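User: I am in my first year and would like a close look at a single part of this protein. Please take me through it slowly, in one connected answer.

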Amino acid sequence: MKNLLVAQSGGPTSAINASLYGVVMEANENPNIGKVYGAVHGVFGLIHDNLIGIYDVESLKTTPSAYLGSVRYHLSDDFNDIDYRDILETVKKHDIGYMAFIGGNDSMDTVDRLSRFFKSINYPCNVIGVPKTIDNDLVGTDHTPGYGSSIKYIATTFQELKLDTNAYQSGRATIVEVMGRDAGWLTAGSKLACLNGLGPDWMYLPESAFNVDKFLEDVKAIYERQRKVLIAVSEGVRDVEGRYIANLLSVDGNLDAFGHTQLGGVSGVLGSLIKSRLGIPVRTIELNLMQRCAGHLTSKTDLDEAEMCGRFASKMVQNNNGKFVSMVRNDQKTYSIRCELVNVNEVANKVKSLPINWIINGNDISDDFIEYALPLIQGEITPAYSNGLPVYKVLYK
């Protein structure tokens, strides 16, 4: 009987702890798995032997962020690196035969390296990857746990912003910056608010080349018609040459060929551009971390699927190494998902972009996206409350 180690890494989400819950619950029900250890701060905890036993997990499913703590740490290509020596010592000390890493692109790279390391030294320890990222940019899976809750929050926020901007008689352009440096899945989520008549006027994503002059024409046309503009923009929008717009626009709105000037977020850059070129009052908003930690507005479907991925990983890790848990959408009229395994080296360090044919005229999203995304935000979770606030489980490290 071997013990199982579970770790979390990369950006936290509202659903990553639901996957942790699934891993632990399934392992506890398996007579072939001994103790379940958690690595505090991901692979960093594994390197430094900072492990804890995980027992009481009941409230984890509705707790946002990463309960075990997260990390962004790249293991070396060289298996003779001291990190691997320390990892092996930790594994032997705690008799670990199975590992489940919950994370995104970088985390799957860690899974790939660890699985190959153990194989190279013929050590009996299987490593499996569990999908997680609000960006929804992991290849090899229909979508990722965490994404549904994030776009539920984003679409709801756009509805509320639309109502707020409609309350005033005076005109204004409101630019809302959404996470997504390399893929526009999150920004596309704002389109769901249009189903209730309260979505953004235009949406700009990294997959479609951003043209400054066309952007200004879009803003001007909407503003002249309704005196109000609400725009969703990915932080990673870039020009036809692939250069990030946030790095190319200077304070006066002119293009800087050297890309040295950076105002911060792209919303601020575009806001300055609208004000200087069009003379329209502007308010800029960065949704920032709220997109991934809004535990009060999670999708039940998202949490249930996150748990399902965790449970599947616990089952499969006993006989599989270097694999990744993929969610496959069943070909049925009623939405449903099943889990399968794919090789993790087919997932690590790759980015899944939003289909370019789903983007209309560079500033809108087709109904194909709505059909894809709408099932992911269904259902509500009500956490326990104390003092009028949600109660979340905290690991006091």
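User: Which residues in helix 9 are buried?

Analyst: Before turning to the helix, please keep in mind that this is a predicted model, in which the pLDDT averages 91 over the protein and 95% of the residues score at least 70. Over residues 250-264, however, the pLDDT is below 50, although this stretch still has 30 contacts in the model beyond near neighbours in sequence. Where pLDDT is low, the predicted coordinates should not be read in detail.

In helix 9, the buried residues are Val-266, Ser-267, Val-269, Leu-270, Gly-271, Leu-273 and Ile-274. These buried residues pack against several elements, namely strand 6 (172-178), helix 7, strand 8 (228-234), helix 8 (245-248) and strand 9 (282-286). As for its length, helix 9 has 13 residues, which at 1.5 Å a residue should span 18 Å, and the 17 Å between its end C-alpha atoms agrees with that.

One of these partners, helix 7, deserves a longer description. Helix 7 (residues 212-226) and helix 9 (residues 266-278) pack with their axes 11 Å apart and at an angle of about 70°, which means that helix 7 is roughly perpendicular to helix 9. On the side of helix 7, the contact is made by Val-212, Asp-213, Phe-215, Leu-216, Val-219 and Lys-220, while helix 9 contributes Leu-270, Leu-273, Ile-274, Arg-277 and Leu-278. Sorted by character, the residues of this contact comprise eight nonpolar and three charged ones, with no polar residue. Leu-270, Leu-273 and Ile-274 therefore appear twice in this account, since they are listed among the buried residues of helix 9 and also take part in the contact with helix 7.

Leu-278, which also belongs to helix 9, can be looked at in its own right. Its relative accessibility is 27%, and because buried means under 20% and exposed means over 50%, Leu-278 counts as partly exposed. Leaving aside its neighbours within four places in sequence, Leu-278 is in contact with Leu-216, Val-219, Lys-220 and Leu-273, and of these, Leu-216, Val-219 and Lys-220 are residues that helix 7 brings to its contact with helix 9. Pro-355 lies 77 residues from Leu-278 along the chain, and the C-alpha atoms of the two are separated by 32 Å. Finally, helix 9 is followed by Gly-279, which has a positive phi, near 70°.

Key:
Residues are numbered from 1 along each chain as its sequence is written. This is a predicted model: local features need pLDDT of at least 70, side-chain atom pairs count only at pLDDT 80 or more; totals for chains, interfaces and linings use all residues. Side-chain values use heavy atoms; hydrogens and water are left out. Axes are lines fitted to C-alpha atoms, for helices over the stretch in contact, and angles run from 0 to 180 degrees between N-to-C directions. Helices (H or I, at least four residues) and strands (E, at least two) are DSSP runs, numbered from the N terminus. Angles under 35 degrees count as roughly parallel, over 145 as roughly antiparallel, 65 to 115 as roughly perpendicular and the rest as oblique. Contact means heavy atoms within 4.5 Å. Ala, Val, Leu, Ile, Met, Phe, Trp, Tyr, Cys and Pro count as nonpolar, Asp, Glu, Lys and Arg as charged, and the others, Gly among them, as polar. pLDDT is the predictor's confidence in each residue, from 0 to 100. Buried means under 20% relative accessible area, exposed over 50%, partly exposed in between (1.4 Å probe, protein chains only). The expected span of a helix is 1.5 Å times one less than its number of residues.
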